[in-house]
Amino acid sequence: MPILNPSYFPDGSRDVHHNWLMSIASISDQLICISKAVADETRDYLNNQPNLEKQPRVSWFHLGAEISQSSTPEGWPSEHASIEQQLKTSTSFLMVGTVEPRKGHLQTIQAVRQLLDNNHNVSLIIVGKQGWMIDNVLKEVKDNPYMGQSIHWLNGLSDPSLNYLYQHCDCLIAASEAEGFGLPLIEAARQGMPIVARDIPVFREVANNAAFYFKGDTPEALADALCNWIELSASNEHPKPEQLQ
């Protein structure tokens, strides 16, 4: 991703990653990637490197998940009791992953804000540590009137606590604009949680027909998609995560 999408990473990341990839490709017999999409991108990139004397084989496999199956919110902070109540009384969306430019957090927060402005009974739980180059997200967090009320950003949760959210939130939002695999898709599906995902090749590869897909990079596009998913869910016509297991 630093090679193909350098705008999502700090200056210099592309050159560093290119040098690393050339180094391991020159000494390896085989590179094993975490998705077919990444394998295809890696193979295409290496095939266009004239100074690479030896081409390693490139293969792939899909990741798995082993989060505890316990439904007890072990380590669940007591100050988050209000979140538990929201999970019971609103349509709750969950995002999991480091908050960084390619993950789509800004679009998602603004989309949920629009729904709340229009009196939709929804909530958003973001789980992930703070990453890099997210001044725009931090500004939105600071200025958003729903932060700490219907929108929450949690950091440093234990696996059982994250598992609790997978079991009690209504839907996972996978809004990444670029991804290597998308492990939260698997984690959510294992808990029976429906998925709303951006329509990118790797998510189609991993989730196939088990996710509801959206396109567009504006808050309006995602807000419309979430409304459509809510309507489908109300009539039990949304894509079922069991198809992914």
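Glycine 192 follows helix α7 and has a positive phi, near 75 degrees. The model is predicted. This briefing covers helix α7, the sheet it packs on, a buried serine and a nonpolar surface patch.

**Helix α7**

- Helix α7 spans residues 183–190.
- The helix is mostly covered, with six of its eight residues buried.
- The buried residues are Pro184, Leu185, Ile186, Glu187, Ala188 and Ala189.
- Strands are part of what covers these buried residues, including β3 (91–96), β6 (171–174) and β7 (195–198).
- Helices α6 (159–168) and α8 (201–207) also belong to the cover of α7.

**The sheet**

- Six strands make up an open sheet, and their pairing is parallel.
- The strand order is β5-β4-β3-β6-β7-β8.
- Strands β5 (151–154) and β8 (212–214) stand at the edges. Each has a single partner strand, so one side of each is left without a neighbour in the sheet.
- On average, neighbouring strands are turned by 20 degrees against each other, direction ignored.
- Three bridges join β7 and β8, which pair in the parallel sense.
- Alanine 197 has tyrosine 213, in β8, as its bridge partner.

**Helix against sheet**

- Helix α7 packs on the sheet and touches β3, β6 and β7.
- The direction of α7 makes about 170 degrees with that of β6.
- β3, β6 and β7 thus appear twice: they touch α7, and they are among the elements that cover its buried residues.

**Serine 176**

- Which elements flank serine 176? The residue lies in the loop between β6 and α7.
- Is serine 176 buried or exposed? Its relative accessible area is 5%, and buried means under 20%, so serine 176 counts as buried.
- Leaving aside neighbours within four places in sequence, serine 176 is in contact with Arg102, Lys103, Arg198, Ile200 and Phe203.

**Nonpolar surface patch**

- Which residues make the nonpolar surface patch? Ile32, Ile34 and Phe61 do, and the patch measures about 260 Å².
- Isoleucine 32 sits in strand β1, residues 30–33.
- Why is isoleucine 32 called exposed? Exposed means over 50% relative accessible area, and isoleucine 32 has 54%, so the residue qualifies.

Terms used
Residues numbered from 1 in each chain as written. Predicted model: local features only at pLDDT ≥ 70, side-chain atom pairs only at ≥ 80, totals over all residues. Heavy atoms only, no water. Patch = residues over 30% accessible without salt bridge, like charges linked within 9 Å, V, L, I, M, F, W, Y side chains within 5 Å. Areas by Shrake-Rupley, 256 points an atom, 1.4 Å probe, with all protein chains shown as cover. Salt bridge = Lys/Arg side-chain N within 4 Å of Asp/Glu carboxyl O. Helix = DSSP H or I, 4+ residues; strand = E, 2+ residues; numbered from the N terminus. Buried < 20%, exposed > 50% of the residue type's maximum accessible area, 1.4 Å probe, protein only. Contact = heavy atoms within 4.5 Å. Pairing = 2+ DSSP bridges. Axes fitted to C-alpha atoms, helices over the stretch in contact; angles between N-to-C directions.
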